[in-house]
Each structure stands twice: as C-alpha cells, then as structure tokens.
Amino acid sequence: MNEIFKKTFTLTNNLYDRTDTLKPSSIFDLSQEISGDHADILHCGFTEFIAKGYIWVTVRNYVEFIKPIKHVSSLDLETYLTKPRFVEYPREVCFYNKEELVAVTKSIWMILDYKTFNVVTPELFNDIDYSKIHPYFATRLKKLSLIPKEKLEFCKDIIVTYSMLDHNGHLNNTHYLDFYLDVYQPTKYIKSLQVEYIKQGFLNDKISLFRYCENDKDYLYGYRNEDLIFYMEVEYFRGE
C-alpha cells in the first residue's frame, strides 16, 4: 500500500504575494493537488469516486508555518492519511525546502453521496498500515469557536464569478484565503491559519465579508444573507 506519497512542485510567480511570500491560497492549492494525486493512487480519486456516486469535500483546513516561505523555486511535498475518525478522513501535507521542513497542512475531509449530499462512510483504506505513518500533529484538529455576527465589522461584498468555480461547480475553497489577503492586506508573516467550510458557494452568489480582531489574531467570516459560508482564524509570528 502507498501510505506515503511524495512529489516536487515548481513554484511560479503567481503563487507569491507582493512581498514575495508564498500565499496561503497557494499552500492549500498545492495541498489539494498532491492530495488528489495520492487519492488517484489509492483508487479513490475524483474520476473513480464520481463513478461510484461519491465526492470528497474539505470541511476544515489548517496550516502551520515553521518559517515564512520566500524566494523558493520549488518545494518537495509529502502527504499521508492519518487514522479516520467517525466520518472524518484527516490528511497531512509536509512542505520541504531542500530537506528543511517549512510548513505543514492538516485537512479534514468527508465523503458525500453525489446525489443526496448526505455524508457516507464507504469501506476504504483497510490496507493502509498506519504504523508506517508518523503524523506531525499529535491531536485532532478541532472546529473553531464561532464569534457572534453582531461583533463582526462589515468589510465588503464579493460576487462569485465563473473563474472561481472548481470541477464540482462550487466556489473553490482556496479563494477564501485570497479574500483574507484583500481584506487585511497583512504586513506580518502568518504563523498559522485555520478555515472552517460550512456551506458551498455557487456562481453569482453574493458573499458578504466581515472581520474581527482579538488577542493578536485576525478573523474573517463570509455570509450569504444570513447563512454562514466560511470563517477563519489567522495568527502571526510574534515580533513581525
């Protein structure tokens, strides 16, 4: 069984922000790319899943930066599944710059029935030897607490355009990280970031963005009318 999958990615200029730092959305784009490649090897990728009436969805994403990623032309990525928990299928991706670990992402995936969108738990990964896997994170990635809407400050409205959609016809969740950059225009380096995906966004949706700051952390919430679509928490390196 291919418990661990590795791949080298070339980084292009569009993956960096104006300070030449790798964007949070780029981190999650690369994580999704290698996760999809690994899923294909495990025979649970997009094409095989659609044929069975299933789709993968990400419900939670987290990244921890060991150091900011700047002026790097390529990164070596390593990914693996960790033990499933009820309906959750956790996955980690380690980012290496010339054998130096610079960032780690952890994502929580679920499997939905493509027609009903109900959560399902098909028999998968019975052959994986989890003793060969040594997760970076020792604890479960828990859901962020909610901040009441009345405490949030309205920032701007975003209209979901065609170019923002993924192959499921939903707003690609990495765009939420670009919304964060546009709202906060951060001048400090990100130490960690967690995103909660609550509902799908669709073409022509109007998503209203709200912000909140507390204890040196920044928060961004996206609402479609009164429906919460996503929210995130961002922490920065001290002294930056």
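This text leads through the pockets, the cavity, the aromatic pairs and several individual residues of the structure above. The model is predicted, and every value below is computed from it.

The open spaces come first. The largest pocket holds about 1100 Å³ of space. Its lining comprises 47 residues, and those closest to its centre are Trp56, Val57, Thr58, Trp109 and Asn173. Two helices and four strands need to be kept in view here: helix 1 (24–41), helix 2 (46–52), strand 2 (54–65), strand 4 (89–97), strand 5 (100–113) and strand 8 (190–197) are the elements that give two or more residues to this lining. Helix 1 gives the most, with 9 residues. By residue class, the lining of the largest pocket divides into 24 nonpolar, 12 polar and 11 charged residues.

The second largest pocket has a volume of about 350 Å³. Eighteen residues are not listed here in full, but Asp17, Thr19, Leu181, Pro186 and Lys188 lie nearest the centre of this pocket, which is lined by 18 residues. Its lining divides into 10 nonpolar, 4 polar and 4 charged residues.

Enclosed space is a separate matter. The count comes to 1 cavity of 30 Å³ or more, and the volume of the largest cavity is about 50 Å³. Phe28, Ser31, Gln32, Ser35, Thr58, Asn61, Val93, Thr105, Ser107 and Trp109 line the largest cavity. Helix 1, strand 2 and strand 5 each supply at least two of these residues, and the largest share, 4 residues, comes from helix 1. The lining of the cavity divides into 3 nonpolar and 7 polar residues, with no charged residue. Thr58 and Trp109 appear in this lining, and both are also among the residues closest to the centre of the largest pocket.

Helix 1 thus recurs in both linings, giving the most to that of the largest pocket and the largest share to that of the largest cavity. Which length should its 18 residues span at 1.5 Å a residue? The expected span is 26 Å, and the end C-alpha atoms of helix 1 are 26 Å apart, which agrees. Within helix 1, the buried residues are Pro24, Ser25, Ser26, Ile27, Phe28, Leu30, Ser31, Ile34, Ser35, His38 and Ala39. Of these, Phe28, Ser31 and Ser35 are also named in the cavity lining.

The backbone just after helix 1 deserves attention, where histidine 43 takes a positive phi of about 65 degrees. Histidine 43 is not a glycine, and its place is in the loop between helix 1 and helix 2. Asparagine 215, likewise a residue other than glycine, has a positive phi near 55 degrees. It is found in the loop between strand 9 (206–214) and strand 10 (217–224). Asparagine 215 counts as exposed because its relative accessibility is 66%, above the 50% cut-off.

Aromatic rings provide another view of the fold. A pair of aromatic rings is described by the distance of the centres and the angle of the planes. The count in this model comes to 17 aromatic pairs. One of them joins tyrosine 62 and phenylalanine 137, with 5.6 Å centre to centre and 80 degrees between the planes, and is edge-to-face. Tyrosine 62 lies in strand 2, whereas phenylalanine 137 lies in the loop between strand 6 (119–120) and strand 7 (153–159), so the pair ties together parts that are 75 residues apart in sequence. Both residues of this pair, tyrosine 62 and phenylalanine 137, are buried. Phe49, Tyr54, Trp56, Tyr89, Trp109 and Phe125 form one aromatic cluster; Trp56 and Trp109 are also among the residues closest to the centre of the largest pocket.

Two further residues complete the account. Isoleucine 69 sits in the loop between strand 2 and strand 3 (74–81). It is buried, because its relative accessible area is 3%, under the 20% cut-off. Beyond its neighbours within four places in sequence, isoleucine 69 is in contact with Tyr16, Asp20, Thr21, Leu22, Ile27, Leu75, Val102 and Ala103. Arginine 224, in strand 10, is buried as well, with a relative accessible area of 17%. Not counting residues up to four places away in sequence, arginine 224 touches Lys199, Gln200, Gly201, Phe202, Asp205, Lys206 and Ile229.

How values were computed:
Residues numbered from 1 in each chain as written. Predicted model: local features only at pLDDT ≥ 70, side-chain atom pairs only at ≥ 80, totals over all residues. Heavy atoms only, no water. 1 Å grid on protein atoms, 1.4 Å probe; cavity = no way out; pocket = protein on both sides within 12 Å on 5 of 7 lines; lining within 4 Å. Points joined across faces, edges and corners; volume = space filled by probe spheres on them. Nonpolar A, V, L, I, M, F, W, Y, C, P; charged D, E, K, R; others polar. Expected span 1.5 Å × (residues − 1). Buried < 20%, exposed > 50% of the residue type's maximum accessible area, 1.4 Å probe, protein only. Contact = heavy atoms within 4.5 Å. Phe/Tyr/Trp six-rings, centres within 6.5 Å; stacked < 30°, edge-to-face > 60°.
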